[in-house]
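Subject: Structure handover and notes

Hi,

Here is the structure I promised to pass on to you. Please open it alongside this email, and my notes follow underneath.

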Amino acid sequence: MRVMSVSSTSVQPGALQAGHLPRCEAAPSTGAERIGKREGGAARLAPAGGSYGLERRFDPGFVATLALREKQVQQSYRPVIGIHKWFARRPGSVFRSLLLAEFVNAPLSESYWQSNDVAARIADPFMGGGTTVFEALRLGLGVVGCDVNPMSHWLVRQAVEPLDLAELRAHGAEVIARTAGEIGGLYLTTCTTCGRNAPVKYFLWAKSCLCPACGEHVALHPGYLVAEAKRHPRNVYHCPTCETLSELHPGSEPECSRCSRPLGEGNVRRGRAECLTCSTVFVFSKHLAVPPAHRLFAIEYRCPECYPKFPGRQFKAPDAADRECYANAEARFAEIGDRLRIPAEAIPAGEETSRLHRWGYHRYREMFNERQLLGLGVLLERIAGVENRRVRHALATVFSDFLRYQNLLSRYDTYALKCQDIFSVHGFPVGLITCENNLLGIPRVGSGSFIHFLEKFARAKSYAQKPFEKRSKKAGKTVVHMFGERIEAPLLDHEPGEAERAAWLTCAPAQELELAPESLDGVFTDPPYFDNVQYAELMDFCFVWLRQLLRKDAREFVRTSTSTAHELTGNDTLGRDLESFTAGLSEVFVNMARALKREAPLVFTYHHNKSTAYAPIVVALLDAGFTCTAVLPAPAEMSASLHIAGTKSSILDSVFVCR
C-alpha cells in the first residue's frame, strides 16, 4: 500500500469543503438494469453493473427536502434509531436515495415511495449507528456491516435481530414492577397542595464546596432561575438564603417572595464563587471535593390528584422528608452496593474524558449519586434474571441507552422543563446544576426514564418489522407503508449469498475484513470525520455498564473499553494524528476496492471545518485506485443542533461517488 505524506498533497485549502464541490461529469452508461432472480414468486431487481445509475439518477433537490424534514424530528421519520444512542447519524432518507439511485432504474421521486426488492450485496466498513445496514436490508439487499466499536456492533445487531415484541413488553413490565417494589419509594415526595405522596419527575442539585475563609458549605449557582415562564405560567426562582422557591409573574423583579433577597444573578461567575455567609470571593475549582459534592435545592413532581387542576408544572423546595429519603438511599446502597453490578472501571485519559478528570471524576461510578447507583444496580439485577436470552439482551440495551439521562452530568432545561441528555453536545460537558431523573419514570409523563426508553425501543423494533416513510402534502403528512420491506433479517457469520437478504455484522477493523474478491455491488458508508467525534471515549460511558451483564454472553464485552488502536479518529491524547488517520482510511479503502465488482461504486459522506482533513480522502482514493465520478450535496445536520450550534459547521455533507 502506498501512503502519501499529507504535507505533500496538492489539495488547495477549502477546495473540497462541502458546498464548494463541483459536480463531476458522470461516466456514460454501459449497461441496462435487468430483472434477476425471483423470491417467493416476486421479481427481484438485479444490480446494473457499470450503469453509473447513481450519478445519473440522484436528485439533490428531492433528497434535500426529505433529509431536512427528517433531521428536524429524526425519531419520527426513522424510529429505528431509538434502539440506542449513536453520534452524528446521517438521514436514512439520504442513504435510501443513494441505494435506489444506483440499483433501481426509475426516477428517484417515484422509486422512493415504492416497495423495492433488489438482488445485490453491499458493505459498510464504518457502520456506526447502522443507517446503511437498515436502509439496504429494507430494499432487499444483502449487507456486510463492520465497525471496530463493540457498541456499534451491538446496537445494530439489536435492531436487525428478530424480536417478539409481546415478550419484550411482558418481561419489561415485570422488571419494572419488581424494581418499583424495591426502590420506588425513593422517588416520592409530599404534594404541597394536598399532602399526599406524589411521584417526583426531577431532583435538581447544585455542586457545592467549602468556603476557604469560613468553612461553610457554598452551593454553586450560576443563576437562581429554575423554570422560565414559557411552558409554565410564571418564572420560578430558588432563594439560596431561605431555601424558598418563588413563582413570579413575567416582568416582575426577581426577588425572593419570603426574604426579599435579589435573585437576578447567581453567586458564581467566571470560575469564582461568593460565599453567602462571609462574602468571600474565591476560585471554587481548587476547593471542590473529588468527586464534587452536590446539594439538593429543587424538585419537580406530578401529583395525580392535584396536577389536572394545577396551572402549569408543580415545583417545590425539598423538605426534611425529601432529604431523609435520600439519606435512606445512601444507607441502603452502603449496605448492599458491593453485591450489585456497579462498574469499577477507571475513566481513561482522552480528548473528552480529560475534562472529567479536571472536575474530579476518575471512575465511571463517580458520575452517579448513591440513589442512582442503588436504583441502577437493582434494575440491572432484575434484567439479569430474565431467562429469555433475546429479551434479556433487548432490556439490557434499553438500560444502556437510558443511562444518558440517569447521571450527574444531565442538566435541566429551564425553557423546555425537561432533563437533557449527557451527550447532547457529543462530549462530557460538566455543569454546576445537575438533574436527577426519576429512574423508572411516570407513565406518559416526562422523558428519560426506563419506561420511556422501553417504549422507544419497542417502537424502534416495530418500525424494523414494518418500515414506513412520511410524505408531506399540503394537508400535512401521510404515512406511506412499505409493504414487504423489513429491517429485521437473518444474521450470518459470513458474506450473504449473491441474492440473499441477510446481514453479516462483525466487530473488527475494516481493513482486516476478509471479503471475497469482486463480491460486492457497492460500498456505502459514513466514515469518521477525523476528529469530530470521539466515539470510544463517549460510548465507554454506556459500555462499562452493559458489560456487567453481557461479558459472559458476547465476547466483545470481555474487554474493559471500546477503545482500540484501530479506531480511525484523530486524538491528540492518544497520539492519533492526521497521518495515522490517512493511513487507516487508505487501508480500509484498499480492502474495499479488492471486494468491489468492476465499476461498482464506493459511496461515502464527509464534511469537516478544517480543509486539511480532506487530504486523507484524496490519498485513500488514490491508494485504492478509485476515480471520483461525482460529488453530491446532501443535508446532514440542523444548524440549531446543540452539538454544532455556534460552531459555523456546515449542515451539508459531500457525498463522494467513486468507482
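Below is what I found, arranged by topic.

**Confidence**

Please keep in mind that this is a predicted model. The chain has a mean pLDDT of 90, with 90% of its residues at 70 or more. Two stretches stay under 50: residues 1-42, for which the model has 100 contacts beyond four places in sequence, and residues 640-645, with 14 such contacts.

**The nonpolar cores**

The largest nonpolar core has 147 residues, and those touching the most other members are L168, M367, F399, F450, F541 and W545. Helix α14, spanning residues 535-550, gives this core its largest share, with 11 residues. If you want one residue to start from, try L168: beyond four places in sequence, its contacts are L163, V391, A394, L395, L454, F457 and A458. There is also a second core, separate from that one, with 36 residues, among them F126, W504, L513 and F530.

**The open sheet**

An open sheet is built from 8 strands with mixed pairing, in the order β21-β22-β4-β3-β23-β24-β26-β25. The edges are taken by β21 (491-492) and β25; each has a single partner strand, so one side of each has no neighbour in the sheet. Further in, β23 and β24 run parallel and are joined by 3 bridges. One place to look at is T525, whose bridge partner in β24 is F604.

What does the edge strand β25 hold? A634 is found there, in a strand that covers residues 628-635. This alanine is buried, because its relative accessible area is 1% and the cut-off for buried is under 20%. Not counting residues up to four places away in sequence, A634 touches V94, I651, L652, D653 and V655. For a sense of distance across the model, the C-alpha atoms of A634 and G172 are 39 Å apart, with their positions 462 residues apart along the chain.

**Aromatic pairs and charges over rings**

I count 29 aromatic pairs in the structure. In one of them, F103 and F524, the ring centres are 6.2 Å apart and the planes meet at 55 degrees, so the pair is tilted. F103 belongs to helix α4 (residues 92-103) and F524 to strand β23 (residues 522-525), so this pair ties together parts that are 421 residues apart in sequence. Both F103 and F524 are buried.

Another pair is F589 with F604, where the centres lie 5.3 Å apart and the planes are at 55 degrees, so this one is tilted too. Here F589 comes from helix α15 (residues 578-595) and F604 from strand β24 (residues 602-606), so the parts tied together are 15 residues apart in sequence. F589 and F604 are both buried.

You may also like two cases of a charge over a ring. The charged end of R96 sits over the ring of Y112, 5.1 Å from its centre. The charged end of K470 sits over the ring of Y77, at 5.9 Å from the centre.

**Around strand β6**

Is R196 in a strand or in a loop? R196 is in the loop between β5 (188-190) and β6 (197-210). With a relative accessible area of 46%, R196 is partly exposed, because that value falls between the 20% and 50% cut-offs. Leaving out neighbours within four places in sequence, the contacts of R196 are T189, T190, C191 and E305. Its C-alpha atom is 7.9 Å from that of C303, although the two residues are 107 apart along the chain.

K201 has its place in strand β6 itself. This lysine counts as buried, because its relative accessibility is 8% and buried means under 20%. Beyond four places in sequence, K201 touches E300, Y301, R302, R313, E436, N437, N438, I442, V445 and G446.

**A hairpin to finish**

Strands β9 (residues 235-238) and β10 (residues 245-248) run antiparallel and are joined by 4 bridges. Within that pairing, Y237 stands opposite S246 in β10. The hairpin has 6 residues between the strands, and E243 takes a positive phi near 60 degrees.

Happy browsing, and all the best!

Methods. Residues numbered from 1 in each chain as written. Predicted model: local features only at pLDDT ≥ 70, side-chain atom pairs only at ≥ 80, totals over all residues. Heavy atoms only, no water. Core = buried A, V, L, I, M, F, W, Y, C linked by side-chain atoms within 4.5 Å. Buried < 20%, exposed > 50% of the residue type's maximum accessible area, 1.4 Å probe, protein only. Helix = DSSP H or I, 4+ residues; strand = E, 2+ residues; numbered from the N terminus. Contact = heavy atoms within 4.5 Å. pLDDT = per-residue confidence, 0-100. Phe/Tyr/Trp six-rings, centres within 6.5 Å; stacked < 30°, edge-to-face > 60°. Lys NZ or Arg CZ within 6 Å of the ring centre and 35° of its normal. Pairing = 2+ DSSP bridges.
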